[in-house]
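Visitor: Please take one part of this predicted model and go through it closely. I would like the strand pairing and then the charged contacts around it.

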Amino acid sequence: MPRGIGESSMSVSLITKEHSVKPRGNYVSYIKSDKEKVRGRYLVNSVLGAGTNHVDEFIETKGRKNFKPELERAIQKCNERGARLIIPNIG
């Protein structure tokens, strides 16, 4: 019996296979910290496939919780290019 999309243990490939969800269009990625860079890139690359264009990547280098300059830049880039923002959830 197929599991629902809301379940956290479901992989991206399983969602794509069971529900025929295929991302299309332009995407900008934002990674929350420099420590999560490798895992964040892996998640973004596993989601994006044929028919997608990874426009740019922004990695937050500042450690303050209330100051996110790279997130602001990522949102501006999305608005300029008509892209969607991807924030990989590493947790």
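Guide: Tyr 27 stands opposite Arg 84 in strand β3. That strand covers residues 84–86. Its partner is β1, and the two pair in the parallel sense over three bridges.

Now take β1 itself. The strand spans residues 25–31. It is mostly covered, with five of its seven residues buried.

β1 also pairs with strand β2, residues 52–59. This pairing is parallel too, and it runs over seven bridges. Within it, Ser 29 stands opposite Glu 57 of β2. The chain gets from β1 to β2 by way of helix α2, residues 37–47. The β-α-β crossover made this way is right-handed.

Stay with Glu 57. Its side chain meets that of Arg 41 in a salt bridge, at 2.9 Å from N to O. The contact links distant parts of the chain: Arg 41 sits in helix α2, Glu 57 in strand β2, and 16 residues separate them. How covered are the two partners? Arg 41 is partly exposed, with a relative accessible area of 37%. Glu 57 is partly exposed as well, at 24%. The cut-off for buried is under 20%, so Glu 57 does not count as buried.

Side chains of opposite charge can pair when their charged atoms come close. A search of the whole structure finds four salt bridges. The Arg 41 to Glu 57 contact is a salt bridge of this kind. Two others can be described here.

One of them joins Lys 37 and Asp 34, with the closest N and O atoms 3.5 Å apart. Lys 37 is partly exposed, at 26% relative accessible area. Asp 34 is also partly exposed, at 45%.

Another lies in helix α3, residues 69–81. There the side chains of Arg 73 and Glu 70 meet at 3.0 Å, N to O. The two residues are three apart in the sequence, about one turn of the helix. Arg 73 is partly exposed, with a relative accessible area of 44%. Glu 70 has a relative accessibility of 15% and counts as buried. Buried means under 20%, so Glu 70 falls inside that class.

To return to the strand: β1 pairs with β2 over seven bridges and with β3 over three. Glu 57 ties the two topics together. It stands opposite Ser 29 of the β1 pairing, and its side chain meets Arg 41 in a salt bridge.

Notes
Residues numbered from 1 in each chain as written. Predicted model: local features only at pLDDT ≥ 70, side-chain atom pairs only at ≥ 80, totals over all residues. Heavy atoms only, no water. Buried < 20%, exposed > 50% of the residue type's maximum accessible area, 1.4 Å probe, protein only. Helix = DSSP H or I, 4+ residues; strand = E, 2+ residues; numbered from the N terminus. Pairing = 2+ DSSP bridges. Right-handed = clockwise from strand over helix to strand, strands pointing away.
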